[in-house]
Amino acid sequence: MTHTPHPGHLAIVGLGPGMRDLMAPRAIQVIQESDLVIGYRVYLEQISDLLTDKEIHVSELTHEVERATLAVQSAHAGRRVCIVSSGDAGIYGMAGLVLDLFSHSSDTDTITEPSVEVVPGISALNAAAALLGAPLMHDFAAISLSDLLTPWATIAKRLAAVAEADFVVVLYNPSSRKRQWQLGEAQRLLLVHRAETTPVGLVRNAYREGQKVQLTTLSHLLEHDVDMFTTVVIGNSCTRIQQARMITPRGYESRA
Ligand code: SAH
């Protein structure tokens with residue numbers, strides 16, 4: 001009798017913004033069923049109570065390729081592997097890289113091929129929007145201001161386009177110790193088409209310790225502390241502040 005190796009399982013899991021109640025039950029189940037969990041230190045600390053009987057691989061924030069490679073290789077070796085990202089793994093997370101490496105590593109033997117699953121999570125834009133009120137009621141665009149992997153010229157072109165098209169704009173990775181000027185440049189590009197009084201919501205550490213929610217305007221944006229734990233939501237030309245909540249009208253209001 002020939003021995004068939006046990007096919008592995010590769011799960012790419014979004015942990016949500018931080019609070020356990022905002023993590024999908026499926027994410028918790030998949031982590032519990034894994035024998036190897038891979039992730040950045042801070043995210044693994046967030047779920048440490050789920051990891052007591054597991055092998056864990058902690059890595060630094062910049063070592064994404066190493067983390068993804070280990071996940072793919074371990075799944076091919078027959079293990080149940082879970083690789084975690086904050087928020088949603090498919091939104092500026094690890095899902096794209098892991099699936100890309102997996103597709104290149106796959107062989108033709110489908111019996112021993114690991115199964116793959118992406119588990120969605122609540123992204124920073126959902127979390128920030130909920131804390132601010134209802135800013136994403138109309139068309140919106142998410143833009144990362146990180147020019148580490150994307151040339152600034154591309155980011156600037158997209159900012160100008162969404163500014164002109166009057167999208168609500170969600171900025172991920174707005175600023176960090178090493179990237180300071182990008183937010184000011186984004187503000188300048190948005191002000192070409194949008195009023196200085198446009199409402200802006202700043203959400204830092206949504207649903208985590210140290211949560212801070214602030215409202216300001218596009219012209220005052222740079223007077224606030226904005227860092228890599230902050231998501232910035234910039235209203236469209238109709239967005240209003242009502243009772244300290246940011247609301248982008250959908251259109252029902254004018255019909256009523
Ligand atoms: N995959 C993540 C995004 C990773 S990019 C997601 O879907 O949410 C990292 C950026 O996300 C941060 O710089 C910040 O802009 C935003 N972010 C992630 N978690 C956040 C939180 N809890 N509060 C506010 N912003 C957050």
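Strand 11 (residues 230-234) is mostly covered: 5 of its 5 residues are buried, where buried means under 20% relative accessible area, exposed over 50% and partly exposed in between, with a 1.4 Å probe and protein chains only. Helices (H or I, at least four residues) and strands (E, at least two) are DSSP runs, numbered from the N terminus. This is a predicted model, in which local features need pLDDT of at least 70, side-chain atom pairs count only at pLDDT 80 or more, and totals for chains, interfaces and linings use all residues. Residues are numbered from 1 along each chain as its sequence is written, and side-chain values use heavy atoms, with hydrogens and water left out.

In a regular strand the side chains alternate between the two faces of the sheet. From strand 11, Thr230, Val232 and Ile234 point one way, while Thr231 and Val233 point the other way. Two strands pair if DSSP finds at least two bridges between them. Strand 8 (residues 168-172) runs antiparallel to strand 11 and is joined to it by 3 bridges; here Leu171 stands opposite Val232. Strand 9 (residues 199-204) is also antiparallel to strand 11, with 5 bridges, and the bridge partner of Val203 is Thr231.

The loop between strand 10 (212-217) and strand 11 holds Asp225. Asp225 counts as exposed, at 67% relative accessibility. Its C-alpha atom is separated by 9.1 Å from that of Leu202, 23 residues apart along the chain.

An open sheet of 3 strands has the order 6-13-12 and mixed pairing. Strand 6 (133-134) and strand 12 (240-242) stand at its edges, each with a single partner strand, so one side of each is left without a neighbour in the sheet. Strands 6 and 13 run parallel and are joined by 2 bridges, and Ala134 stands opposite Ile247 of strand 13.

Thr248 lies in the loop between strand 13 (245-247) and helix 8 (252-255). Thr248 is buried, with a relative accessible area of 0%. Leaving aside residues up to four places away in sequence, Thr248 touches Ala134, Pro135, Met137, His138, Val168, Asn236 and Thr239, a contact being heavy atoms within 4.5 Å.

Most residues other than glycine have a negative phi, and most peptide bonds are trans. Two residues with positive phi that are not glycine are listed here.

| Residue | Phi | Loop | Relative accessibility |
|---|---|---|---|
| Tyr207 | near 55° | between strand 9 and strand 10 | 23%, partly exposed |
| Ala244 | about 60° | between strand 12 and strand 13 | 60%, exposed |

Gly133, which follows helix 5 (residues 124-132), has a positive phi near 135°. The buried residues of helix 5 are Leu125, Ala127, Ala128, Ala129 and Leu132.

Helix 3 (residues 64-76) and helix 4 (residues 95-105) pack at an angle of about 45°, with their axes 9 Å apart. Axes are lines fitted to C-alpha atoms, for helices over the stretch in contact, and angles run from 0 to 180 degrees between N-to-C directions. The two helices are therefore oblique to each other, since angles under 35 degrees count as roughly parallel, over 145 as roughly antiparallel, 65 to 115 as roughly perpendicular and the rest as oblique. The contact is made by Glu64, Val65, Ala68, Thr69, Val72 and His76 of helix 3 and by Leu97, Val98, Leu101, Phe102 and Ser105 of helix 4.
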